[in-house]
Each structure stands twice: as C-alpha cells, then as structure tokens.
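Student: Could you take me through the salt bridges in this structure, one pair at a time? I'd like to know where each partner sits and how much of it shows at the surface.

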Amino acid sequence: MNRKYWKLMGVTILLIGLVSLLAACGSDEAEGSGDGELADTYTVATDSSFVPFEFEEDGEYVGFDIDLINAVADEAGFDIELEVTNFDGIIPGLQTGSFDIAIAGISITEDRKEKIDYSDPYYESGLAIGVPSDNDDINGIEDLAGKSIATRLGSTSAAYIDENIDDAEASPYEQLDQAYLAVENGSDDAVLYDAPNVNYYIQTTGDGLKVVGDLYQAEDYGIAIAKDQEELVAAINDALAEMRDNGTYDEIYEKWFGKKPE
C-alpha cells in the first residue's frame, strides 16, 4: 500500500470520528431538550354530577370547574382530553396513570396528599346540612347523632360523618342526585355534603329541602395531579396566579356563583 492510500484512510477515519462526535452531541442535546417541558395534551378526569362545578347540559359538560380547567390549559399552553368517571374512581385513576389531572371539587386533605399532588387552592368550601323542608327536629350537626345521613361515595363528608357524629350511619351514593332524592323520599334523614352543591341543588329544584346549621369543616378545593409531575404542578399554579391577576378567575366565578366575596 502506498503513502497516498494511507493518507486517504487517515482522512476517512478522521471524518467518521467527527461525524460520530457530532451525532453524539446532537443526541445528548435532543434528550436534554425534553427535560422540564410540558406535554402537548393531558387527560383530565372529572365527575358529571357536582353542580355547578361540573355537570352535563344539552350533551356537553359544563360548570365552574370545566371553565376553570379550560382556562388554565389555555394559559399554560397545553390541550386537555376530558374523561368523566365516578368521583370515587378519580384518585385511584391518578395513581395508576389513567389520568394526569383531575378537577371535581376535590378537597385538599393530608391523606390524599400522600397519593397525589395538588395545585394551590382555587375554591374555599365547607360542609352543609340539608333536610326536608318540613323537618324541624334537625337544626345543626349535634342533631344528626343516631341519624341516617346521605352523602357522596369517597368524599370527605363521608369520612366526617364517621369520625365526628355519634352513632350516625353514613349512606354513601355514587351520584349526588341519589343522595338528595333519598332524603326527599324519607330513606335518609339528612344530607351532608359540600355547601355550594347543597345550596345549588336546593335553589334549583324547589322546596323539597332546606339548609340548616352552620358551615362545617371549612376546606379548600385543589386541582389534583398525578405524582412526580413537578413541571405540570408549577405550570398550573402559575396559570391560576395569572388568572387571578388578570381577572379571568373572577369572570368564571361570577358566571356560576354571582358576585365574588371581598
């Protein structure tokens, strides 16, 4: 082999090495570019019976939570795919990866924080008691001792009944309208559930029930997020903060609840 051949071989090897090096650098850069980035689309779980937060109307899902999560997604720059399920299936679905996000009037609790992550609070709520309009015996939480109390399956109100009301029997229902109907037809003595939903039901369905007593166990709602998605949590919190600053949150609130308290 002559000198010219070896010279050409050396150049070829050098070029192959440079190409390999550049390819490796490009590969590292591509892998790194994905770190900390949001996905284009997230699956959002919700319930369909928690008026006025989420419910079905004329074949579409509407409500305060639906408007809110759509506005959050627009602000944060991602799309959502809405999945409707029973409330008691939402937390397990986030744990198994069936859902990325959930919004359904989900109270922030320490127990749930061990299983999922939350956004900053977006709504302050509490529990209210509903009884038949002609019932004068139940006027507060102390009068529920020994009673049968309708509530929602998997909710914080069901746990509240078990932990705080002596000898009471919690009657959990998958659908909220079942809980209210059980009180109206006498199957249960009262309903204990989130105040905005109890008030909305009574305001929109006539004189079958009335609210009695105080607001119990003040609690905040948060947007639930599957664990280990720090970038998504931060993006949602940033979006909520911006919506409060620019008035979008107030517009959505007033659409569903009227004038926002000062």
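Tutor: Let's get one term straight before we start: a residue is called buried when its relative accessible area is under 20%, exposed when that value is over 50%, and partly exposed in between. Keep in mind, too, that this is a predicted model.

Now to your pairs. A search of the whole structure turns up 6 salt bridges, and we'll go through some of them.

Take Asp-67 and Lys-255, whose side chains meet in a salt bridge with 2.9 Å from N to O. This pair links distant parts of the chain: Asp-67 belongs to helix 2 (residues 64-76) and Lys-255 to helix 9 (residues 248-257), 188 residues apart. How much of each one shows? Asp-67 has 22% relative accessibility, so it counts as partly exposed. Lys-255, on the other hand, is exposed, with a relative accessible area of 55%.

Next up are Lys-210 and Asp-136, which also meet through their side chains in a salt bridge, this time at 3.5 Å from N to O. You'll find Lys-210 in strand 12 (residues 209-221), while Asp-136 is in the loop between strand 8 (123-132) and strand 9, so this pair ties together parts that are 74 residues apart in sequence. Lys-210 is partly exposed, at a relative accessible area of 25%, whereas Asp-136 is exposed, at 58%.

Now look at Arg-152 and Asp-47. They form a salt bridge in which the closest N and O atoms are 2.1 Å apart. Arg-152 is part of strand 9 (residues 148-152), and Asp-47 lies in the loop between strand 1 (41-46) and strand 2 (49-50), so here the tie is between parts 105 residues apart in sequence. And are these two buried or exposed? Arg-152 is buried, with a relative accessible area of 0%, and Asp-47 is buried as well, also with 0%.

While you have the surface in view, here's a spot without those charged pairs. Tyr-61, Leu-82 and Val-84 form a nonpolar patch there, with about 210 Å² of accessible area together. One of these residues, Val-84, has its place in strand 5 (residues 79-84). Val-84 is partly exposed, with a relative accessible area of 34%. That value matters for the patch, because patches are made of residues with over 30% relative accessible area and no salt bridge.

Methods: Residues numbered from 1 in each chain as written. Predicted model: local features only at pLDDT ≥ 70, side-chain atom pairs only at ≥ 80, totals over all residues. Heavy atoms only, no water. Patch = residues over 30% accessible without salt bridge, like charges linked within 9 Å, V, L, I, M, F, W, Y side chains within 5 Å. Areas by Shrake-Rupley, 256 points an atom, 1.4 Å probe, with all protein chains shown as cover. Salt bridge = Lys/Arg side-chain N within 4 Å of Asp/Glu carboxyl O. Helix = DSSP H or I, 4+ residues; strand = E, 2+ residues; numbered from the N terminus. Buried < 20%, exposed > 50% of the residue type's maximum accessible area, 1.4 Å probe, protein only.
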